[in-house]
Amino acid sequence: MITKMLIGGNWVNAADNKTFEVSDPRTGLPFASVPLGGIRDADAAVDAACLAFKSWAKTNVFARAALLRDAGALVEKNKQEIGRLMSREQGKPAQEAITEVQKAADILRYYAAEGERVYGRIIPSDESGTFSMVVYQPIGPCAAITPWNYPVELLAWKIGAALAAGCTLVCKLPSETPLCALLFIKYITDAGLPGGVINALTGEGKVIGQRILERKEIRKAAFTGSTAVGKDVLASCTESLRRSSMELGGSLPMLVFKDCDLDSAAIGAARRSFKNMGQICIAINRIYAEREIYEQFLSRFKEETEKLIIGDGLDGTADLGPMCKKQGVEAVTAHISDAIEKGARLITGGKAPVIPGFESGNWFSPTILADTDHSMKIMSEETFGPAVGVMPFDSMEEAVNLANDSIYGLAAIIYTQNLATVNYCAQALEAGNVAVNNVDAGTINAPYGGWKQSGFGHEHGPEGLYEYLNVKHVRIHAGGE
Ligand code: NAD
């Protein structure tokens, strides 16, 4: 286990030696501690990233790509160790955590290849002997601020793209899950990364996160987290007109039409509503089912949901572990109470199960609420927990209007066999990602980003790489005509 921060290639304690505890969500009890970084540590990490940028930006792109590929191989080789540690501090089942680490290794290799494909352009001129070149250059030292729900994968999106582009990073790791993130970064640096190319800090966001952003040398902020904190991060970027990408909260609508394959819609709904205990920015929050199949869908969805086994994520049999934080359990409970008070019907769940041996953990049962409406928090706010609201609709236009009636616009899901319905909805839905007859809107090689208050900018795909590159036009009069 790594319990130190990484600054300028050295694993260090906080300058003032302060620490904070990391808890096991199965018990709510602390099992490790990491440095509580302060202003001096943040400054040292920014200085190290600035120094390393001078040579990293000039390192041949193929050499950078080779290091990223080696890093991917080392991460893959050690995915069991990183994944099991993630399960311990985040709560998700170990196998799911190990799959996340595998995806992170794949992302590092994907961006190694994508970095080698930054070609630029040659543009002809109306003046003889003259031409224009468009070239891309690394933007500079960057900040990566990430949350705890996918503590390795969300970091990998930023590390892969930034390093391939020639940028260096100061990473502010999530306080709930710093251990797997530190271990992931250790295996990346073991590939032979020069000191200072990645720096990793642990501590409070409003202290070290803010300090990193106060430093004008940081040229881009890559933030993934809540919309509320995203607004603060963005405000910190305005003074220096810093570029930023904001991957923020969501309230994902799923539209279930009467002509769909109802079994696959119900299986998909159970998976995408409750995986990782609903602690996913693209977890399904709201389901709109066409009135003719409303009750039938509810009963199939209930059946699939009740098959999910909750338990210790490390023992290999559970589909769902505990929630990461006690506050998460409180938030989901509050959304459920609000909905029931306003007339929603409880279909399943609604309470915390007792898991023998882990009675003090952050448990909650997957919960379905029917007959909901938009006055209820479950339908209008991000729950970020294992609860979903369902309501009927009568027309395609009504379904789309309900789906769009949200401040968020991260992703949406449609289940239908009708091509015209797909065409209408895919165009009309106000979301950066739309999944049709599947529940996986994100893939490594396609752009992923939000609309409205779900943010802006992209990760994944070439778009994710170009977030870390400046465009330069060079107009050359060469003569020789
Ligand atoms: P959060 O916003 O509380 O924290 C995110 C990160 O920001 C943490 O590392 C935190 O320490 C840091 N931070 C907090 N205050 C800060 C400040 N003032 N300045 C700088 N940094 C600060 O979010 P969370 O609870 O960790 O994560 C859950 C949220 O993340 C949900 O809203 C979820 O939808 C969102 N999320 C979005 C995506 C996406 O791709 N759009 C992906 C995953 C999670």
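## A small stretch of β pairing

In this predicted model, P124 has F131 of β6 as its bridge partner. The two strands around that bridge, β5 and β6 (residues 130–138), run antiparallel to each other and are joined over four bridges.

The pairing continues beyond these two. β5, β6 and β22 make up an open sheet of three strands, in the order β5-β6-β22, with antiparallel pairing. At its edges are β5 (121–124) and β22 (469–477), each of which pairs on one side only. From one strand to the next, the twist averages 25°. As general background, the strands of a sheet pair through backbone hydrogen bonds, in either a parallel or an antiparallel sense.

## Aromatic pairs: one edge-to-face

If you like ring geometry, there is plenty to look at: the whole structure contains eight aromatic pairs. One of them joins Y136 and Y466 in an edge-to-face arrangement, with 4.9 Å from centre to centre and 80° between the planes. Because Y136 belongs to strand β6 and Y466 to helix α15 (residues 461–466), this pair ties together parts that lie 330 residues apart in sequence.

How accessible are these two tyrosines? Y136 has a relative accessibility of 27% and so counts as partly exposed. Y466 is also partly exposed, at 29% relative accessible area.

## Aromatic pairs: one stacked

F274 and F301 offer another geometry: their rings are stacked, 6.1 Å apart centre to centre, with 15° between the planes. F274 sits in helix α9 (residues 262–274) and F301 in helix α10 (residues 294–306), so here the pair ties together parts 27 residues apart in sequence.

Are these phenylalanines buried or exposed? F274 is buried, with 0% relative accessible area, and F301 is likewise buried at 0%. They do not stand alone, either: F274, F297 and F301 form one aromatic cluster.

## Charges over rings

Two further contacts bring a basic side chain to an aromatic face. Which residue lies over the face of F31? That is R88, at 4.1 Å from the ring centre. Over the face of Y468 lies K220, and here the distance to the ring centre is 4.9 Å.

## Pulling it together

A good way to browse the model is to begin at strand β6, which pairs with β5 and also carries Y136, the partner of Y466 in helix α15. From there, move to helices α9 and α10, which are tied together by F274 and F301, and finish with the ring faces of F31 and Y468.

Terms used
Residues are numbered from 1 along each chain as its sequence is written. This is a predicted model: local features need pLDDT of at least 70, side-chain atom pairs count only at pLDDT 80 or more; totals for chains, interfaces and linings use all residues. Side-chain values use heavy atoms; hydrogens and water are left out. Two strands pair if DSSP finds at least two bridges between them. Axes are lines fitted to C-alpha atoms, for helices over the stretch in contact, and angles run from 0 to 180 degrees between N-to-C directions. Rings of Phe, Tyr and Trp (its six-membered ring) pair if their centres lie within 6.5 Å; planes under 30 degrees apart count as stacked, over 60 as edge-to-face and the rest as tilted. Buried means under 20% relative accessible area, exposed over 50%, partly exposed in between (1.4 Å probe, protein chains only). A charge sits over a ring if NZ of Lys or CZ of Arg is within 6 Å of the ring centre and within 35 degrees of the ring normal.
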